[in-house]
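Here are my notes on the model you sent, set out as numbered points. Please read them alongside the coordinates.

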Amino acid sequence: MLRPLICLACAATFLPAAVTVRVEGEIGPPARKALEALQKRSTSAPDLEIEIRQLPGKPESFAITLPRRGAVRITGGDAVGLAYGVYELLGQLESSGPASLQAVSREPALRKRSMGVFLYNQDLESAWLYDRAYWDRYFELLARSRFNYFTLIFGHQTSYLAPPFPFLIPVPGWERVRPLGLTDAERTRNLDMLRMVSEMAAERGIKFVFGIWQQHAHLYGKNMVEGLRYEDLFDYCPKALALILRACPKIHGVQFRMNIESGIEEDDQNRFYTAMSKAIRESGRDVEVDYRAKGLRPETVESSLQLGIKPIVSTKYWREHMGLPFHGTRIDAGDKERSYRRYGYWDLLQQNRPYDVAYRMWTLGSTKLLLWGSLDYARQFARSSAFGGSLGFEVCAPLSQKGFGNWKGGPWRIMARPELEYYRWEFERYWAYYLSFGLAGYAAVPEQPILAAEFRRRFGAAAPHVRAAYEAASWVIPFVTSVRAVSASNFGYWPEMETGGLTQRYASLPTGDDNRFYRLDDYVADWIANRVSARMTPEEMAVELDSIAERATQAMERATTATPATAELRSTQTDITVLASLARYHAARIRSALDYLLFQQSGERIRLARSVDEFASAVTHWRAIVRATNDVYNHRMVFNRPPDQIGHWRDELPLLEAEEKRLRDMARLYPGAVADIAKTLKEKHEPERFKLAMRWKEDQGTPIRWADTQPAPEAWDAPVDRYSMRSPQAALREVVERFRYRKILHLPPRWAGKGQGTTIHASLTGPRQGVRLRIFHRPANSGFRFAAADMIESAENVYSFQLPDAPAGTTIAYYLRADAETAFFSGSEKEPHEVVYRDDTAKGPSIRLVTPGSAHVGRPVTVTASIQSKHRLSAVRLHYRHLDQSEDWRIAPMQPAANQTWQAVIPARFVVPGWDLAYSIEAIDETGHGAFAPDWRQADPISVIRVTPLRGTPPQ
């Protein structure tokens, strides 16, 4: 029987004035909490009757139907699904109003959608950890976002709360184990907190996971626990865990770190975690066990299975960072040698595996501070989180690692002044992050009324523009992280505040996926060798970064003219400005570093001049970041280890300015250096190589840093440091020595731009007075007669000639001749340089995969693709391996077949039991435009072929 539950009065933006809610039967706490949120909002509009029913169905599913005018029915497969339906209705009402209500039916796409919070600093966490109001607001946001897991993590690279047990509970027989300086009352308070938080999560339909990452302090600071030796852990920890599970019955799961960083020697791993699993099994509850993949041994998994526990194995999605939303196609060589599953899915996706897999994206390595909220990104990430039949994902909360190291600097805030805050708790600033990831993880659909309503509630008429700015700017950090991978470790790289180092370091940085993005040095090597690949080039990376920045900036400009400024709008504008400037900074740095490498390979002055100009542009963009943040963000922030991950953007500026001066000095000295080679080679300048430094010290409990621009000598062959430099004279002498016997310094351009021709540049060594430099050019395949023209000195020792325009696909052959007392050549009449015209606005080949989706053990697999291209294809390649990320790709040329299709065969011996096949296709046309399929911009960049055993073959 239907019974009235509540009538709502007026209070907010789009809810009707008289809302009658009728509930049939009993509903659980998650649904009741959602109805409380509905109760808080209403305004003038036609009456609306809402009927609530909980019907047996798939967990977390819901449906909204419109049985008649003015009536809405919400049904849910359980109390959580019912809650999601209530929030969905509230989102529709607030985003578009009662007249535009839509029927909708949803069920979860991913079984696991988790948020992880790390504990790092006692001073900071005491302000919120024990506060029921904080957790009520936090779990309301998680529930609205449709996160269904929450992990509270103790002990990550710190002695603080490591292990957590002594800080939570006394263990009979182990009375000597005590945290230093912690009273019994404080320990009781900590246990009450854990119980409270786990219970409050459950009330919202969120499964609470107890993250135990360190079993003792290991090597991470002074031990904060007395009376606990290494051998004690094997008895003490299981007993303590059993007591905590008994005291906190709403703990749904336990997450363990497995490698040596946990404090357990890896040879002791099975012994220790088997005892922990026994304690979990003996709790009498079905408690999930999550083993982190790094360092996990197979015997540990087997022991869990023997105890009746099917574990989850969670692995890092993209190193320890927020990269682009696809699984990387490779494991770095150094990590592969360790065979350690440090990140990625490695060999975890074998068929019939006895464990579940979940992906943990360590957003804590990248998005610590700045606003983020891209639904498009989150949707693609969510889809990829089902890859290989996996459960789903866990992401890390914004502001992760704030206060890292338990520095006693007090409860500092990220904003420089209280009046800049428009929230009570700092997590509330990041509502778009939570909503984007959680909603997309539940259903990766483009229409998300809950997210749209939040933008409208906060920004009114400016909402669509602010959302567009968020959408664009949120790709900056993932893209930069993917193409400029300073470090796989979150301790070595903070891209929000990372310059990439000075030129020598920046030019040598790897990418996050060298199979899809060009390293600068690899690109230069291929340029010189005339090799082509469909990988994204440095020029394309720079264009993409500038495009992202422009979209974000324009959207933010529209937003600020659409509505009066509020504290939140101004704060949002600051972060969008930082992200756009950061994108432009890296676009300029990529161009500068590329030209610097090309200068080293050619000696051409134009390359050095461009490198200097682009670096100066990058410094200008960094200054824009400093201006935007100087009076906004705390100058003493601590987000990881000093000196690299503390402080403020302004700290880095003097180091960039010192490098700009060095490059300008090189450009100033260049003419004299190449004019008198003998003199240049004789000159010695000490030190020839040196480095600058970022210094730090502790001040009133907080580490602070400053730039030290006093050069410190460095060995010529030492590894390149973040702030390594070669003196201008030494850097020039190295180039001059390489080209001491050349008169003409010239590197042929990679391509010529259709519609604008291309300018050929060259420089000369030695005396230039009276030297005539000419170019001889002709279209290839059009006879052998060259047209001759003088090259004009457009700047000191920069000789130029613009080739005439030609259609895309045209090849121009040319060579250079310098006449002094004799003739000097670059290229020749019989072996000229060649440059191909291309349309840089055109797209590469279009590839459609038409291969069947299954294969059989021991049988060859024919891979087929349909490829359309405006220009002749110069290369089509099949990349294949097993569904094992640590394997090297095998590459086979594909051959043309009928109807614009291409084929290659994966040999029968490669199709083995237990492993599916992974492949992608690369196609490049004669103008150098290339494409991979699948395209990482839309999906995971590999396709999977399911391998089935032959009849009679036992499954693996």
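Which residues of helix α14 (residues 463-473) are buried?

1. The model is a predicted one, and the points that follow should be read with that in mind. In helix α14, the buried residues are Ala463, Val466, Ala469, Tyr470, Glu471, Ala472 and Ala473. The cover over these buried residues includes helices α11 (375-384), α12 (431-442), α13 (449-459), α15 (476-483), α18 (538-562) and α19.

2. The largest nonpolar core comprises 237 residues, and those with the most contacts inside it are Trp135, Tyr138, Phe150, Phe256, Tyr434, Phe437 and Trp649. Helix α19 (residues 567-602) supplies the largest share of this core, with 17 residues. A second core, separate from this one, has 26 residues, among them Ala865, Ala904, Leu917 and Ile921. As background, nonpolar side chains in soluble globular proteins tend to be buried together.

3. Eight strands, in the order β7-β8-β10-β12-β13-β14-β15-β16, make a closed barrel with parallel pairing. From one strand to the next, the twist averages 25°. Within the barrel, β8 (residues 149-154) and β10 (residues 207-212) are paired in the parallel sense over six bridges, and Ile153 stands opposite Gly211 in β10. Helix α4 (residues 132-145) lies across β7 (112-119) and β8, and runs at about 130° to β8.

4. Phe150 deserves a separate look, and its contacts are listed here without its neighbours within four places in sequence. Phe150 touches Trp135, Tyr138, Phe139 and Leu142, and is also in contact with Ser114, Met115 and Val117. The remaining contacts of Phe150 are with Val197, Ile206, Lys207, Phe208 and Val209.

5. Towards the start of the numbering, strand β2 (residues 19-24) runs parallel to strand β3 (residues 48-54), and six bridges join the two; here the bridge partner of Glu24 is Arg53 in β3. Strand β3 also pairs in the parallel sense with strand β5 (residues 71-76), again over six bridges, and Ile52 stands opposite Ile74 in β5.

6. A further sheet is open and antiparallel, with its four strands in the order β32-β34-β38-β37. Its edge strands are β32 (846-849) and β37 (895-896), each of which pairs on one side only. Between β32 and β34 (residues 861-868) there are four bridges in the antiparallel sense, and Arg848 stands opposite Ser866 in β34.

How values were computed
Residues are numbered from 1 along each chain as its sequence is written. This is a predicted model: local features need pLDDT of at least 70, side-chain atom pairs count only at pLDDT 80 or more; totals for chains, interfaces and linings use all residues. Side-chain values use heavy atoms; hydrogens and water are left out. A nonpolar core is a set of buried Ala, Val, Leu, Ile, Met, Phe, Trp, Tyr and Cys residues joined through side-chain atoms within 4.5 Å. Buried means under 20% relative accessible area, exposed over 50%, partly exposed in between (1.4 Å probe, protein chains only). Contact means heavy atoms within 4.5 Å. Two strands pair if DSSP finds at least two bridges between them. Axes are lines fitted to C-alpha atoms, for helices over the stretch in contact, and angles run from 0 to 180 degrees between N-to-C directions.
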